[in-house]
Amino acid sequence: MQVIRLLQTILILLSRKQVTAKELAERFHVSVRTIYRDVDVLSLAGIPVYANKGRNGGIFLDEFYHVSNALIEKEEQDDLFLALHLLQSVGLADTEDLLKKMGTVYDWSEWLEVDLSQTEIASQTFDQIKDALFNHREITCVYHTEYGQTRLLSLAPKRILYKYQTWYLLAWEPTKEAWSLLPIKQIRDVNQSTTHYRKKC
């Protein structure tokens, strides 16, 4: 998700003269420290972004800076195109405006159309898991195994992954004291716990 956050940051800074690190942190659900790390990454990539701390400080771009389509290689452009559409299709991120804006910079071909409208995964399930991830809370859920069994699980979500053409939840199972990789389409009735947890390595 970092590359999407970095691109969104650039677009925000192109449309606004200056923005505070706190504003960006709240928008992307990350820490202020992460935003300053993003500024360093962008600077190292040759993008003239600057940060002034203090009462009237903020993050801003050089006023003469314009986005170049040389920023990302052609193969990376296609990968980004696919990733943005996948995230938009399942409701994990609102990338429609970003896709439109990036389309004015990058010449994305129409070689792929993503339609997950027939997926068995409910968007509500994604929203609940995503919310628990952002709030560092455990969840309880009903898990339907591939053998037709039903299990009630308590999980500490770590990450949502898309691999082998399937969405998965990587989570810590306290009762097993082990990591589990669970197909999200087999997860139902997600409830967020009041218990906070620290993300494990």
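In what order do the five strands of the open sheet lie? In this predicted model, the order is S6-S5-S4-S3-S7, and the pairing is antiparallel. At the edges stand strand S6 (178–183) and strand S7 (187–196), each of which pairs on one side only. On average, neighbouring strands of this sheet are turned by 45° against each other, direction ignored. As a general point, the strands of a sheet are paired through backbone hydrogen bonds, in either a parallel or an antiparallel manner.

The sheet belongs to a protein chain with six helices and seven strands. Read from the N terminus on, the elements follow the pattern α-α-α-β-β-α-α-α-β-β-β-β-β. The chain has 201 residues, of which 40% count as buried. Among the contacts between residues at least 6 apart in sequence, 56% join residues at least 24 apart.

Within the sheet, one pair of strands may be followed in detail. Strand S3 (residues 137–144) and strand S4 (residues 150–163) run antiparallel and are joined by six bridges. Cys 141 stands opposite Leu 153 in S4. The loop between S3 and S4 contains Gln 149. This residue counts as partly exposed because its relative accessibility is 49%, and partly exposed residues are those between 20% and 50%. Apart from its neighbours within four places in sequence, Gln 149 is in contact with Tyr 143 and His 144.

The discussion now turns to the helices, beginning with H2. Helix H2 comprises residues 21–28, and Ala 21, Leu 24, Ala 25 and Phe 28 are buried in this helix. Seen down the axis of H2, these buried residues fall within an arc of 100°, and they therefore line one face of the helix. A general property of helices is relevant here: an α-helix has 3.6 residues a turn, so residues three or four places apart point the same way. On the other side of H2, the residues Lys 22, Glu 26 and Arg 27 are exposed. The buried residues of H2 are covered by elements including helix H1 (2–15), helix H3 (32–44) and strand S2 (58–61). After H2 comes His 29, which has a positive phi, near 60°.

The packing of H2 against H3 can be described further. The two helices pack at an angle of about 105°, and their axes are 8 Å apart. H2 is therefore roughly perpendicular to H3, since angles of 65 to 115 degrees are counted in that class. On the H2 side, the contact is made by Ala 21, Lys 22, Leu 24, Ala 25 and Phe 28, and on the H3 side by Val 32, Ile 35 and Tyr 36.

Aromatic rings provide a further view of the structure. How many aromatic pairs does a search of the whole structure find? The search finds three. In one of them, the rings of Phe 126 and Trp 167 have their centres 5.6 Å apart and their planes at 90°, so this pair is edge-to-face. Because Phe 126 lies in helix H6 (residues 123–135) and Trp 167 in strand S5 (residues 166–173), the pair ties together parts that are 41 residues apart in sequence. Phe 126 is buried, with a relative accessible area of 2%, and Trp 167 is also buried, at 8%. Trp 172 and Trp 179 form another edge-to-face pair, with 5.3 Å from centre to centre and 75° between the planes. Trp 179 has a relative accessible area of 34% and is therefore partly exposed.

Terms used:
Residues numbered from 1 in each chain as written. Predicted model: local features only at pLDDT ≥ 70, side-chain atom pairs only at ≥ 80, totals over all residues. Heavy atoms only, no water. Pairing = 2+ DSSP bridges. Helix = DSSP H or I, 4+ residues; strand = E, 2+ residues; numbered from the N terminus. Axes fitted to C-alpha atoms, helices over the stretch in contact; angles between N-to-C directions. Buried < 20%, exposed > 50% of the residue type's maximum accessible area, 1.4 Å probe, protein only. Contact = heavy atoms within 4.5 Å. Arc of directions from axis to C-beta. Phe/Tyr/Trp six-rings, centres within 6.5 Å; stacked < 30°, edge-to-face > 60°. Parallel < 35°, antiparallel > 145°, perpendicular 65-115°, else oblique.
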